[in-house]
Amino acid sequence: MALGGSSAVHIQSSTISPALPAPRTPTSITIHPVALFSILDHYLRRNDEQPRVIGTLLGSRSPDNTQIHVRSSFAVLHSENEEQVAVDMEYHRTMYELHSRVTPKETIVGWYSTGSNLNTYSALIQNFYSQETAPHQAIHVALNTGAEEGEEAGVQAYVSSPVGVFPKPENCIFVPVPVRLQFQEAERSGLDLLTQTALSPNSTTAQPVTSIANLDATLNTVSQMIDRVLAYVRQVLAGEVEGDKALGRYLMDTLGVAAIGEKGGEDKAFNASLQDTLMISYLANLVRAQAEVSARLALVTS
Amino acid sequence: MAATSMAAALAASLPAAPVAPTPAAPTYEAIPPSMSKVIDIEAEIPLQVVQLDGLVVTKILKHSKESSATVHGLLLGLDLDGTLEVSNSFALPHHVSDEDEKSAKSSARYQASMLRSLREVQADDSVVGFYQATSLGAFFNQNLVEIQAIHQEKLRHGGVVIVHDLSSTARGNASFRAFRLTPSFLDAYKKSNFSTSSLVNHRLTFSSILEEIPLQIRTNPLLGSFLESLTKSTPSLLPDTTPETARTSVLPPSFSSLDLGTTGLTRNLEQIIEAVDNYRTEEGNLAYLSRQIARERARADMYVAKRKEENAMRVAQDLPPLPEEDVARLFKIPAEPSRLESMLLLGQIDAYGKSLESTASSGLIKMYGVRSI
C-alpha cells in the first residue's frame with residue numbers, strides 16, 4: 001500500500017488490502033439431536049456451583065461455507081468466576097483427537113454453552129474457538145435447558161463479529177443465525193421412541209417392540225385423530241360450535257385425496273399381492289423350521 | 001483377523017478382573033438403611049433389566065447410520081439393585097486393516113484415554129458392555145461372541161451386548177435388544193470345544209447361545225421436557241397455509257410405520273439365500289472332514305483287527321505274538337471339526353427368517369387396512 005498517495009487511492013487499496021478473501025459468514029445452522037442430548041447430559045452432570053457448562057461442537061461445513069451442520073459435541077472443562085474464565089484447552093485437544101479417530105470427517109465448528117446469557121466471557125471463549133476454527137468463523141450455540149424458573153427451553157445459534165475501532169477479544173457482537181434440527185429419516189423412529197418414552201409414566205418403556213405392536217399403536221393414534229375430527233364435525237353440524245371455514249376446506253382436501261383410489265379393478269392386483277405376501281410368510285416359516293430341525297439333527301448325529 | 005485384534009485390544013484395555021473391593025478405608029460413612037440392601041460390592045445381585053438412556057439411544061443410532069460396515073462401541077454405566085443403567089457410550093474406531101498388534105495397542109490406548117477424559121467431566125466411566133449394529137436381525141457372528149466372551153470374564157456382572165437393528169429402525173420401529181452368553185455356551189467356548197459330543201453335553205443349539213435380558217429405554221426428566229418442547233406444535237405465522245404447513249413443530253409427528261412400501265423385502269430374501277449358501281459350504285466342509293475321520297478310523301480299525309487275527313494264528317502255531325503297536329502313531333486321526341461356525345450361520349438364517357416373517361405379517365395387515373378404506 002503506497003503511503004502518501006491521494007486519498008482516493010488510499011481508500012481503494014485499503015478495501016482490497018486483506019489478501020485473503022474473508023470466508024463467508026454462515027447463514028444457516030443445522031444440529032443433529034445427539035449434539036443437543038449430549039449437552040443436556042453434560043448439564044445434568046455439572047458441579048453444583050457451576051452456573052453453566054461449555055463444550056465443543058463438531059460438524060461439517062458446506063463447500064461454500066454458508067451452511068454448518070453440527071453433528072456431535074463433547075464437554076470441555078471450564079471454570080469461571082468474577083475475575084477470570086479458564087478453559088481446559090489441553091482437554092479440548094485430546095478429546096478432539098479421540099473423536100477424529102472415529103469420525104475423521106467432523107471438524108471443530110464452534111462451541112456450545114447452556115443458558116442464554118451472553119457476556120464478556122462468552123466473547124473471550126468465542127475468541128479462543130475462532131482461533132481453533134480459523135480461517136472459518138466459529139459458531140456459538142446457546143442451549144437453554146428450561147430448567148430455570150421462567151425460562152423456556154430452546155436453542156439459539158450465533159456467529160460473532162468484532163466491534164469497536166480497535167477490536168479486542170473481550171468485545172464482540174453475537175449475530176443470531178437461524179438454526180434447525182436435522183437428522184436422517186432413518187433415525188426418526190429412534191426419536192419417536194424417545195418422545196413416547198418421555199410421555200409414558202416412569203419415563204421408561206420396555207423393548208423390544210414387535211413391528212405389529214408398533215403398527216397397532218400407530219393405527220390407534222390415527223383412529224383417535226379421526227374420532228376427534230368426527231366429534232368436531234358433529235358439533236359443527238349440531239350448531240354447538242361455529243365452524244372454521246379454513247378447517248372445513250382442509251378436511252375436504254384430505255378426504256378428497258383418500259377417496260380417489262376407490263372402486264374395483266384393483267382386486268386382481270390385490271389378490272396377486274396377497275399371494276406374494278402369503279408366499280413370503282410361508283417361506284419364512286419354512287426356512288425357520290428347517291434351521292431348527294437342522295440344529296437338532298446336528299445334536300443327534302453322534 | 002480383525003476380530004482377534006479387536007478382542008485382544010479389549011482384553012488389554014479392560015480392568016483386570018472385577019475390581020477388588022478396596023480394603024477397608026478407615027473412615028466409614030454410614031450407609032443409610034434404605035440403601036443397605038442395594039450395596040453390592042461383590043456383584044451378587046443378579047441383573048434383572050438393562051436400562052438404556054436416551055442419550056445412548058441417539059448415539060448408537062447416529063454411529064450406526066454413519067458407517068456402512070458393522071459398528072461397535074462401548075457402553076458405560078453402572079448397576080444398581082439388579083438394574084444395569086447404561087448412561088453413556090462411545091464409538092470405537094473401525095479397523096480398516098488387520099494391523100494386529102499395533103492397531104490393537106492403539107485401540108486400547110484410545111479406550112483408556114477416552115475413559116479418562118470422560119471421567120474428568122464426571123460421566124460414568126466403567127465399561128458395562130458393548131453395542132453392535134446389524135441389519136435384519138442377524139447379529140450372530142464370531143466377532144460378537146468373541147468380544148462378549150472376553151467381557152463376560154472381565155467385567156462386573158459379565159457385561160451385556162446391545163444389538164441395534166438398522167433395517168427395523170428404517171421401517172419406523174427402533175429396535176434395541178440386550179443379550180449375554182449363556183453359561184453353557186461360555187463353558188464350551190472356554191474349552192474351545194465345539195465337537196458334536198460337546199454340543200450334546202451342553203445342549204447347545206443356536207437359540208441357546210445367547211440369552212436375552214429385558215431392556216428398557218429411559219429418558220431423564222430434563223431430556224423429557226426438552227423433547228416435549230421440540231414436539232410442541234405452534235400455529236404457523238404465514239397467512240396462506242396448506243393443511244401440511246398450518247401448524248409447525250420442530251419435530252412433527254410421523255407415521256412412517258404406516259408406509260405401504262415393502263422395501264428391503266428383496267434384500268431380506270437375498271440375505272437368506274446368501275446365508276443358506278454359506279451354511280451349505282460350511283456343512284460341506286464338515287461332511288468332508290467327518291468322512292476323512294471315518295476313513296482314517298476304519299483304516300486304523302482294520303489294521304488292529306488284522307494284527308489281532310495274525311496274532312491268534314501265531315498263537316495257534318505256538319509262535320510268539322507280534323507286539324500290538326501304537327495305532328495312534330501310525331494313523332493320524334484328525335480332530336473333530338468345530339461346529340461353532342455352522343451353528344452361528346443357522347442362527348443367522350433363523351434371524352433373517354424371523355424378520356422376513358414379521359415384515360410379511362405387518363404387510364398383510366396394511367394391505368387389508370388399505371383395502372377396507
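## A tour of chains A and B

Start by selecting both chains: 82 residues from chain B and 72 residues from chain A make up the contact between them, where contact means that C-beta atoms, placed from the backbone, lie within 7 Å. This is a predicted model, in which local features need pLDDT of at least 70, side-chain atom pairs count only at pLDDT 80 or more, and totals for chains, interfaces and linings use all residues. Residues are numbered from 1 along each chain as its sequence is written, while chains are lettered from A and ligands numbered from 1 in the order in which they are written.

Next, select residues 340-372 of chain B. This is helix H12, which gives the largest share of chain B's side, 17 residues. Helices (H or I, at least four residues) and strands (E, at least two) are DSSP runs, numbered from the N terminus.

Now go to strand S11 (residues 204-207) of chain A and strand S8 (residues 215-218) of chain B: they run antiparallel, joined by four bridges. Ala206(A) has Gln216(B) as its bridge partner. Strands pair if DSSP finds at least two bridges between them.

Widen the selection to the open sheet of nine strands, with mixed pairing, ordered S11(A)-S8(B)-S1(B)-S3(B)-S2(B)-S4(B)-S5(B)-S6(B)-S7(B). S11 of chain A and strand S7 (210-213) of chain B are the edge strands, each pairing on one side only.

At the S7 edge, strand S6 (residues 175-181) of chain B runs antiparallel to S7(B), with four bridges. Look there for Leu181(B), whose bridge partner is Leu210(B).

Key. Contact = placed C-beta atoms within 7 Å.
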